[in-house]
Amino acid sequence: MGDLQKIVREQIEILRPDSEAIKSLHKISKEFIYQLNNEIRRSRIDADVFVGGSFAKGTQIKSGNYDVDIFVRFDWKYESLSEILEKIIVPVAKKLKMRIEKVHGSRDYFRVLIENTTGYFEVIPVMKIKKPREERNVTDLTYFHGPYVKKRISGLEDQVRVAKQFMKACEVYGAETYVRGFSGYSVELLILKYKSFVKMLRELIKVTDEKRLVIDLAKHYSNPKEVFIQLNEAKVQSPIILIDPTYKERNALAALSQETFAKFQKSASDFLKNPGAKFFEKKNVDINSVRVKSKAKGFDFVSIHLDTDKQPGDIAGTKLKKFFDLLLRELESYFVVKDHYFRYNGEIRGISYIIAKAKKEIVRIGPPIEMKHAVKHFKERHAITFVKGKHIHAHLPVAVSLKAFLDSWVSGLGDKMKQMHITRINVED
């Protein structure tokens with residue numbers, strides 16, 4: 001542990017990217033984009049190319065494998081953007097002796113692997129729109145985000161890097177469904193608002209359910225109340241409403257969940273109280289240690305490994321997290337969940353654990369008391385019944401371990417596992 005500002009300064013030095021690697025990647029990018037534009041012209045496709053993401057804005061973190069986001073903007077007249085892009089990119093990659101991978105998403109895009117370098121390209125098809133409200137996909141908005149941030153971020157790049165690394169370390173970075181956290185763009189906007197990583201933490205830990213935060217950098221609205229009146233209800237459910245300065249009808253943090261934000265706030269509060277480098281390091285969860293501590297306190301513990309047949313990335317992670325959430329909901333009827341953890345490993349597996357204690361009993365609501373035949377049948381099936389309001393109820397004891405409950409639940413899933421694209425479930429106590 002150490003001085004707050006000293007820790008931040010040390011992290012800044014660690015996170016600044018290697019200048020020679022970035023210079024080399026700029027050179028390779030320039031050649032790749034040149035060939036991409038040539039192929040677009042040769043194919044007589046109405047499209048143009050631009051570089052986006054942290055590489056374009058100078059906010060990338062030091063890495064052994066830098067990614068460069070390259071967007072190809074297609075005219076409105078085209079429909080199957082991914083298919084058209086594939087026809088363009090294949091000959092370019094072949095000419096430059098680069099390997100490509102198709103990545104499935106809301107729109108398929110392509111990862112271009114560059115041999116003997118510390119980087120790769122992600123080539124993403126987007127629609128050429130003149131105004132943000134014309135978007136067909138959220139990636140179409142990237143064209144407006146880059147210039148807005150790049151024009152204002154000068155001098156704050158290090159603060160962005162530290163903020164992003166902190167969020168990655170506490171597993172709240174990313175707007176994907178299996179994370180529901182902070183996107184890179186939203187982090188940049190927060191730093192533009194607060195001007196420093198530390199101030200951002202200090203302000204965000206003050207946010208509560210009763211005192212939600214509205215940030216409107218471009219002053220699209222006269223006051224926070226107007227935001228709640230003008231925006232669709234679904235867009236203002238997040239703990240922070242961050243109005244996109246390039247598009248007043250969009251909350252840039254709409255994906256942020258209460259659960260993820262609570263995790264961020266705890267890490268932020270702990271860091272401010274006792275600053276240390278460990279808050280910027282990826283955590284390796286020692287499941288066995290958690291198991292021993294949980295059982296010592298008298299709690300039930302299970303670790304769960306889930307596999308999916310979906311392609312690695314956002315789709316696989318989302319499928320796994322959705323299934324884990326379903327499992328939790330089923331569990332909460334019979335157990336008090338003390339803690340739970342889920343992490344997608346980036347391939348086909350989700351790693352998780354649950355700490356819980358069985359409820360002494362649960363109450364099952366039966367039929368209305370005027371339905372005498374049904375009430376009689378309900379009493380025959382339950383030993384302890386009572387009337388509350390207009391319904392008969394039953395007390396049901398919970399005399400099963402967490403693992404036994406989950407084993408029984410999993411065995412009863414049948415075809416549902418296949419429908420949810422879960423290929424394997426391994427539960428260990």
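A charge is said to sit over a ring when NZ of Lys or CZ of Arg is within 6 Å of the ring centre and within 35 degrees of the ring normal. In this predicted model, the charged end of Arg73 does just that with the ring of Tyr143, at 3.6 Å from its centre. Another arginine, Arg152, lies over the face of Tyr148, with 3.7 Å to the ring centre.

Rings also meet other rings here. The structure holds 22 aromatic pairs. One of them joins Phe261 and Phe264, whose centres are 6.0 Å apart and whose planes make an angle of 25°, so the pair counts as stacked, the cut-off being under 30 degrees. Where do these two rings sit along the chain? Both belong to helix H10 (residues 258-273), and because they are three residues apart, about one helical turn separates them. An α-helix has 3.6 residues a turn, so residues three or four places apart point the same way. Both partners are tucked away from the surface: Phe261 is buried, with a relative accessible area of 2%, and Phe264 is buried as well, at 0%. The two also take part in a wider group, since ring pairs link Phe166, Phe182, Phe197, Phe261, Phe264, Phe271, Phe279 and Phe280 into a cluster.

One member of that cluster, Phe166, brings us to helix H6 (residues 157-169). This helix has 13 residues and stretches 19 Å from its first C-alpha to its last, close to the 18 Å expected at 1.5 Å a residue. Why can H6 be called largely enclosed by the rest of the structure? The reason is that 11 of its 13 residues are buried. Among them are Val160, Val162, Ala163, Phe166 and Met167, but also Asp158, Arg161 and Lys164. As for what surrounds the helix, its buried residues pack against helix H1 (4-15), H3, helix H7 (184-194), helix H8 (197-204) and H10. Just after H6, Glu171 takes a positive phi of about 60°.

Lys164 of H6 is buried, and its side chain makes a polar contact of 3.5 Å with the side chain of Thr59. Thr59 is found in the loop between helix H3 (53-57) and strand E2. Buried or exposed? Thr59 turns out to be buried, with a relative accessible area of 0%. Leaving aside neighbours within four places in sequence, Thr59 is in contact with Ser54, Ile153, Glu157, Val160, Arg161, Lys164 and Glu188.

Following the chain on from that loop leads to E2, and from there to its partner strand. Nine bridges join strand E2 (residues 66-74) to E5, and the two run parallel. Phe74 stands opposite Met127 in E5. Strand E4 (residues 109-113) is joined to E5 by four bridges, and this pair runs antiparallel. Here Arg111 stands opposite Glu122 in E5. The hairpin of E4 and E5 has five residues between the strands, and in it Asn116 takes a positive phi near 60°.

How many of the nine residues of strand E5 (residues 119-127) are buried? Nine of the nine are, so E5 is largely enclosed by the rest of the structure. Gly119, Phe121, Val123, Pro125 and Met127 point one way from the strand, while Tyr120, Glu122, Ile124 and Val126 point the other way, and all of these are buried.

Methods: Residues numbered from 1 in each chain as written. Predicted model: local features only at pLDDT ≥ 70, side-chain atom pairs only at ≥ 80, totals over all residues. Heavy atoms only, no water. Phe/Tyr/Trp six-rings, centres within 6.5 Å; stacked < 30°, edge-to-face > 60°. Buried < 20%, exposed > 50% of the residue type's maximum accessible area, 1.4 Å probe, protein only. Pairing = 2+ DSSP bridges. Polar contact = N/O pair within 3.5 Å; in protein donor to acceptor, adjacent residues only side chain to side chain. Contact = heavy atoms within 4.5 Å. Expected span 1.5 Å × (residues − 1).
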